[in-house]
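Reader: I should like to learn how the features of a two-chain model are read. Where should we begin?

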Amino acid sequence: MWGDMAATLSLVIVSLAGLALVVFDAFNNRHVATPWIAGLALLAGFIFEIVGLGGPEGTAYSDMLRTGGSAAFVNALVLGSGVLTVILSVPYLKKIGHNIGEVYALILFATVGMLVLGAANNLIAVFVGLETMSICLYILTGFVRSESGSAESALKYFLLGAFSTGFFLYGIALLYGATGTMDFSAMKAGVEDGGGVMFWGGVSLLLVGFLFKVSAAPFHMWTPDAYQGAPTPIAGFMATASKTAAFGALIIILYKALPTERWTDVLAVFAVITMVVGNIIALSQQNVKRMLAYSSIAHAGYVLVGLSSGLVEGYSGALFYLMVYVIMNIGAFGVVALLEWDGKEGSEQTLDSLAGVGYRKPLLGWAMVVFMFSLSGFPPLAGFLGKWAVFAPAVDAGLVWLAIIGVLASAVSAYYYLRVLVVMFMKTETEASSKLADSFTIPRSSAAVIVLCVILLFVFGLTTSVIELTDGFFQSGSVATVLGP
Amino acid sequence: MLSDFIPFFIQLGIAIGLSFTLLKAAALIGPKRANVIKQGTYESGMDPIGSAHQRYSVKFYLVAMIFIVFDVEIVFLYPWAVSFREFIAAGVGPGVLGVIFLFVIILAIGLVYDIKKGGLEFD
């Protein structure tokens with residue numbers, strides 16, 4: 001047991017820190033040390049996972065969780081996203097007057113769920129992780145109870161999330177009925193003997209549950225509402241960490257439990273719908289947070305392109321894309337969170353409220369330039385390399401049409417990403433100044449996070465070493481064509 | 001496979017049919033002699049005072065939540081206690097005891113939080 005705990009030290013640290021934080025907050029309400037405890041615990045977990053990246057892969061807790069390899073990679077992304085979210089949250093929550101200690105405890109507990117989800121080796125672990133994560137995120141979405149918008153989005157997210165959990169659980173039940181096991185590797189036998197109606201029914205329901213959590217169309221309806229109502233740094237956390245963990249679990253299930261080419265067409269169709277719906281609807285958004293929400297839907301589609309190739313290169317490319325996606329979105333949501341302080345105009349989060357920000361706050365303006373160009377996939381930024389990493393395997397797998405649709409969709413996306421920059425820079429300063437409220441100062445901590453994201457986007461755009469690392473998580477060769485009826 | 005459940009469905013049909021038949025039969029052939037006492041809300045209890053549609057403090061939901069937590073605790077503790085002798089016989093007694101202590105401590109943290117935040121204070 002102690003060996004298992006040592007192997008999943010990040011999970012233990014974050015869990016204990018979460019419990020300690022609840023007790024600490026009960027006795028010292030709104031103490032300044034609360035975010036520090038949360039941030040340092042997440043950072044300790046992050047360092048542990050980074051060290052574990054190069055180590056051997058293994059399992060812990062009677063094969064319930066995986067350690068090292070792709071599990072360590074996904075967990076490092078989740079924990080890194082958590083650290084940055086905590087740093088961005090402190091000034092934001094102080095500004096809106098809700099800097100309560102429970103937020104940080106909930107971020108820690110949500111992270112625990114994501115760590116279990118990303119490292120799961122068993123459907124029960126997937127479910128427990130998914131629920132721990134989701135319940136904490138429902139509360140985090142709506143904890144600004146006085147705002148009716150926040151409560152509304154939390155309720156929508158909760159009802160739809162609970163509904164999708166039903167699909168997920170029923171899928172697990174059917175899969176257990178068909179194969180008699182919850183373990184990923186053992187479940188492979190169900191694919192090998194062709195599976196029955198019950199098996200494929202279970203797999204389909206499981207897929208619906210996953211596609212909901214990664215907000216792929218047509219299960220994306222909750223995303224814009226939830227992101228719009230949630231406090232902005234928390235929305236960034238939901239957009240990055242929870243999607244990363246859910247995709248991490250989906251990739252491993254496709255790779256270990258269901259290696260069959262049956263997925264190629266199904267996932268390709270979902271990828272097309274998701275990319276088209278996300279990008280087209282984002283075009284008409286006037287609210288910056290809703291725009292980013294639809295963009296995150298579109299990005300889920302790009303990741304699905306990598307998965308639908310059915311090649312290990314696609315899976316490792318998807319993992320790399322998730323890393324880039326985390327960095328870009330934490331940065332973009334961070335900038336939006338800071339601009340919301342910009343008086344009444346800013347708190348409405350409309351695109352027009354960004355007018356002239358590029359001149360008045362050059363740091364935020366230029367950081368947003370980098371994030372938007374990276375989101376739309378311009379070289380030499382990491383977003384380009386990420387898109388290449390997911391589209392190239394699709395071409396290799398013969399899905400040229402899918403890659404063409406993906407590239408066309410990202411061309412469409414450039415319109416709404418660059419429109420943000422047009423508003424920020426192309427409006428003259430005098431024209432803009434009428435819209436501007438009192439000046440505000442950028443907290444150093446938030447500025448540091450945004451600069452870090454910018455630097456990372458340049459660094460990962462110029463080196464392929466991370467893709468080589470993620471390639472090493474999977475055995476080479478095609479998984480999809482090995483098996484299947 | 002579904003044919004294994006045929007007896008179950010037959011029994012389900014009988015149960016539903018019987019209950020509806022009895023209800024309907026009682027309504028059809030039962031004598032109906034209503035009077036004031038019989039029609040009261042509580043036939044042999046006190047007379048109701050005022051309307052039941054009243055506002056009350058939602059603080060009760062906190063009590064309900066704590067109750068559920070400790071209810072679930074019993075669900076876990078009871079089977080644990082029943083099988084504890086077998087754990088001792090298998091030589092894993094101290095470890096299993098430690099696990100259940102951890103479980104109770106986690107629950108207790110929730111209770112401490114609730115009390116400190118004033119969840120049990122009614123004003």
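Author: Let us begin with the arrangement of domains, bearing in mind that this is a predicted model. In chain B, the C-alpha centres of domain 1 and domain 2 lie 42 Å apart. Domain 1 covers residues 2-39, and domain 2 covers residues 60-116.

Reader: How many buried residues does helix 1 of chain B have?

Author: The count is zero among its 24 residues, so helix 1 of chain B is hardly covered, a residue being buried if 20 or more other C-beta atoms lie within 10 Å of its own.

Reader: What should the 24 residues of helix 1 of chain B span, at 1.5 Å a residue?

Author: In general, an α-helix has 3.6 residues a turn, so residues three or four places apart point the same way. Helix 1 of chain B, residues 6-29, should span 34 Å, and because its end C-alpha atoms are 34 Å apart, the two values agree.

Reader: What radius of gyration would a compact globule of 485 residues have, and what does chain A have?

Author: The expected value is near 23 Å; chain A has 21 Å, which agrees. Its C-alpha atoms fill a box of roughly 70 × 55 × 40 Å along the principal axes. Buried residues account for 60% of chain A, whose secondary structure consists of 22 helices and two strands.

Reader: How many residues does each chain bring to the contact?

Author: Chain A supplies six residues and chain B seven. On the side of chain A that touches chain B, six residues are nonpolar, with no polar and no charged ones.

Notes: Residues numbered from 1 in each chain as written. Chains lettered and ligands numbered in written order. Predicted model: local features only at pLDDT ≥ 70, side-chain atom pairs only at ≥ 80, totals over all residues. Domains from an automatic or database assignment. Contact = placed C-beta atoms within 7 Å. Nonpolar A, V, L, I, M, F, W, Y, C, P; charged D, E, K, R; others polar. Helix = DSSP H or I, 4+ residues; strand = E, 2+ residues; numbered from the N terminus. Expected span 1.5 Å × (residues − 1). Buried ≥ 20, exposed ≤ 12 C-beta atoms within 10 Å, placed from the backbone. Rg over C-alpha atoms; globule rule 2.2 N^0.38 Å.
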